[in-house]
Amino acid sequence: MRLLSLATVAAALLVAGCGGSSSNSTGSTSSSSNQPAAQTQSGGSTGKATTVTIKGFAFTPATVHVTAGTKITFVNEDSVDHDVTAKSGASFKSPLFGKGGHYVVTADKAGTIDYVCTVHPFMKAQIVVTG
């Protein structure tokens, strides 16, 4: 019984030690926790930020309303890889990122940005940017 308890604790510590990374983003760069940074829309940071969650094969919220200069962080809570790709209104394409990973874009000008996950094209959403 004691050996089983020790094995359980050791397994828990091993799992806890796996994964868990972070990345920083400034200006008009974007990043994911398991991929190198990639260029996105131009524009600087104004300190405004919002988050879109990827969960259950959907972007939540499906429509996000922000002002120009807002950083939008996409966080993957699904156990499969996703990406975030602008189809109109902007030009960005994230690398694939897995559970716990994130990708950041800065909405730099007014308009509507339609985007999808190209791996799961039924996952569609939009960002409405006001000046």
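**Entry 1: terms and model**

I count two residues as in contact when heavy atoms of theirs lie within 4.5 Å. I note at the outset that the structure is a predicted model.

**Entry 2: one residue and its surroundings**

I looked up F74 first. Which residues does F74 touch, leaving aside its neighbours within four places in sequence? I found V52, I54, F59, V84, F97, G101, H102, Y103, V105, Y115 and I127 in contact with F74.

I then asked where F74 belongs in the nonpolar interior. The largest nonpolar core has 21 residues, and F74 is listed among those with the most contacts inside it. The others so listed are F59, I72, V84, F92, Y115 and I127. Two or more residues of this core come from each of strand 3, strand 5, strand 6, strand 8, strand 9 and strand 10.

**Entry 3: the whole chain**

I listed the elements of the protein and found 1 helix and 10 strands. From the N terminus the helix comes at the start, and the strands follow it. Of the 131 residues, 37% count as buried. The accessible surface comes to about 7100 Å², and carbon and sulfur atoms hold 59% of it.

I also looked at how far apart in sequence the contacting residues are. Among contacts between residues at least 6 apart, 54% join residues at least 24 apart.

**Entry 4: a sheet of four strands**

I traced an open sheet in which 4 strands stand in the order 5-10-9-7, with mixed pairing. Which strands form the edges? They are strand 5 (63-67) and strand 7 (85-88), each of which pairs on one side only. From one strand to the next, the twist averages 30°.

I recall that strands of a sheet pair through backbone hydrogen bonds, either parallel or antiparallel. Both senses were found here. Strand 5 and strand 10 run parallel over 5 bridges, and V66 stands opposite V129 in strand 10. Strand 7 and strand 9 (residues 111-116) are antiparallel over 3 bridges, with A86 opposite Y115 in strand 9.

I examined the side chains along strand 5 and saw that they alternate. V64 and V66 point to one face and are buried. T63, H65 and T67 point to the other face and are not buried.

**Entry 5: salt bridges**

I recall that side chains of opposite charge can pair when their charged atoms come close. How many salt bridges does a search of the whole structure find? The search finds 2.

One joins the side chains of K55 and E77, at 3.9 Å from N to O. K55 sits in the loop between strand 3 (49-54) and strand 4 (59-60), and E77 in the loop between strand 6 (70-76) and strand 7. This pair links distant parts of the chain, 22 residues apart. K55 counts as exposed because its relative accessibility, 52%, is over the cut-off of 50%. E77, at 37%, is partly exposed.

D83 forms a salt bridge with K93, and their closest N and O atoms are 3.0 Å apart. D83 lies in the loop between strand 6 and strand 7 and K93 in the loop between strand 7 and strand 8 (102-107), so the pair ties together parts 10 residues apart in sequence. Is D83 buried or exposed? D83 is buried, because its relative accessibility is 2% and the cut-off for buried is under 20%. K93, at 47%, counts as partly exposed.

Note on methods. Residues numbered from 1 in each chain as written. Predicted model: local features only at pLDDT ≥ 70, side-chain atom pairs only at ≥ 80, totals over all residues. Heavy atoms only, no water. Pairing = 2+ DSSP bridges. Axes fitted to C-alpha atoms, helices over the stretch in contact; angles between N-to-C directions. Buried < 20%, exposed > 50% of the residue type's maximum accessible area, 1.4 Å probe, protein only. Areas by Shrake-Rupley, 256 points an atom, 1.4 Å probe, with all protein chains shown as cover. Salt bridge = Lys/Arg side-chain N within 4 Å of Asp/Glu carboxyl O. Core = buried A, V, L, I, M, F, W, Y, C linked by side-chain atoms within 4.5 Å.
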